[in-house]
Amino acid sequence: MTSIEDSPARRTARLLGVGARTLGRSLMQQLPGGDRVQRKMDYWTAVGKDWTQTLGELRGAAMKLGQLASQYADVLPPQLAEQLRRLQSAAEPVPFEQIEQALAQGWSDAQRAQVAHIESQALAAASIGQVHRAQLIDGTCVVIKIRYPGVGEAVDADLRQLRRLIGASKLLPIDGSAMDRLMEEVRQRFRDETNYATELSHLQLLHTQAAIKSMVYPQPQPELCTSGILVMSEERGASLEITRTWPQPLRDQLALNLSRWMTYQLFEARAVHADPHPGNFAFRDNGEVVVYDFGCIKQVPLAVMESVRQMLAAAAAADWPGVHRLLENLGGLAEGASFQTLEPLYQDLDRLLLRPLADPEEFDFSE
């Protein structure tokens, strides 16, 4: 198992290795003979498994990039998207001995004395840290989120190498400027998420807002939190996959609650959870939605919120020139994108999304 503490040279070697294997498979699948369609499907499956395993073991910015890439599922080959999607939910935990070392370095003796027991088996593991159940000396059940040692040190080297490899292998169907923006997003996300003191402040901010009752935030234990350790109440729920077996009215309610929360974030709290992949939510059979991971919360300026409100009002009125103008003002369009070019897309948006949403009898929130 690869550790986040691997040397930069070893991490680079692993990334070069997965890039070389991708290139080799690409050449092999282009050889004549055989079922070319099946061979291409097998190629993307093998490439997806290889990249998913490598990025997942490296963790850090490498894994975070894979998670973001998985959000391009609509434009990726299905076999590749299926494999990358696995990065959204879990990583292989590091041994508990390393976690104990991180706790010993991050806590004072007085803080450690407040914790009666920590389970050695990780409850969850992700790109930046992992979570363990614990119990405080007063009997309170909590979860402890511990940042991996050295998680921030390999970010720039990993991203430089991945930028070259992904561009050369054509793994993602995006141009060079979009790739640069994606890499910068990963870098900025890490600056937000690797400091758990920032995450604590985000969580406390959300608790001060008039939150929607159906949305559940963990309760932090500030006296035990540091820049690399976050202690919160344990809030359990089912994964998104499990909810597929639940009755449709309950799934509709969960989806409606989630939609209302997203609207509330933007227009009332003006603080938006900016990492909403499925692994950051859990669902309860009473209709509640549990929210995890508050490392990336974006506070929305009043002027931006007002522009979005005006844009949605224009869309509801089918004022597509107005939508286009407001999108330009928000910086949401490429330079030089004309209304005439994009008008068919606005019409599709109206037909595929806005009209069905306006008719709750026809729109299936469970999907």
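1. Which residue in β3 is the bridge partner of His117? In this predicted model, that residue is Gln135. The contact belongs to the pairing of strand β1 (residues 115-118) with β3, where the two run antiparallel and are joined by three bridges.

2. Strand β3 itself spans residues 129-136, and six of its eight residues are buried, leaving the strand mostly covered.

3. Strand β2 (residues 124-125) also pairs with β3, in the antiparallel sense and over two bridges. Here Ala125 stands opposite Gln130 of β3. The connection from β2 to β3 is a hairpin of three residues.

4. A further antiparallel partner of β3 is strand β4 (residues 141-147), with seven bridges between them. Gln130 appears again in this pairing: its bridge partner in β4 is Ile146. Gln130 thus has Ala125 opposite it in one pairing and Ile146 as its partner in the other.

5. The hairpin of β3 and β4 has four residues between the strands. Within this hairpin, Gly139 takes a positive phi near 95 degrees.

6. Apart from these strands, there is a surface feature to record. Leu349, Leu352, Leu353 and Leu357 form a nonpolar patch with about 330 Å² of accessible area together. One of its members, Leu353, lies in helix α14 (residues 339-358).

7. Is Leu353 buried or exposed? Leu353 counts as partly exposed because its relative accessibility is 36%, and that class lies between the buried limit of under 20% and the exposed limit of over 50%.

Technical notes. Residues numbered from 1 in each chain as written. Predicted model: local features only at pLDDT ≥ 70, side-chain atom pairs only at ≥ 80, totals over all residues. Heavy atoms only, no water. Patch = residues over 30% accessible without salt bridge, like charges linked within 9 Å, V, L, I, M, F, W, Y side chains within 5 Å. Areas by Shrake-Rupley, 256 points an atom, 1.4 Å probe, with all protein chains shown as cover. Salt bridge = Lys/Arg side-chain N within 4 Å of Asp/Glu carboxyl O. Buried < 20%, exposed > 50% of the residue type's maximum accessible area, 1.4 Å probe, protein only. Pairing = 2+ DSSP bridges.
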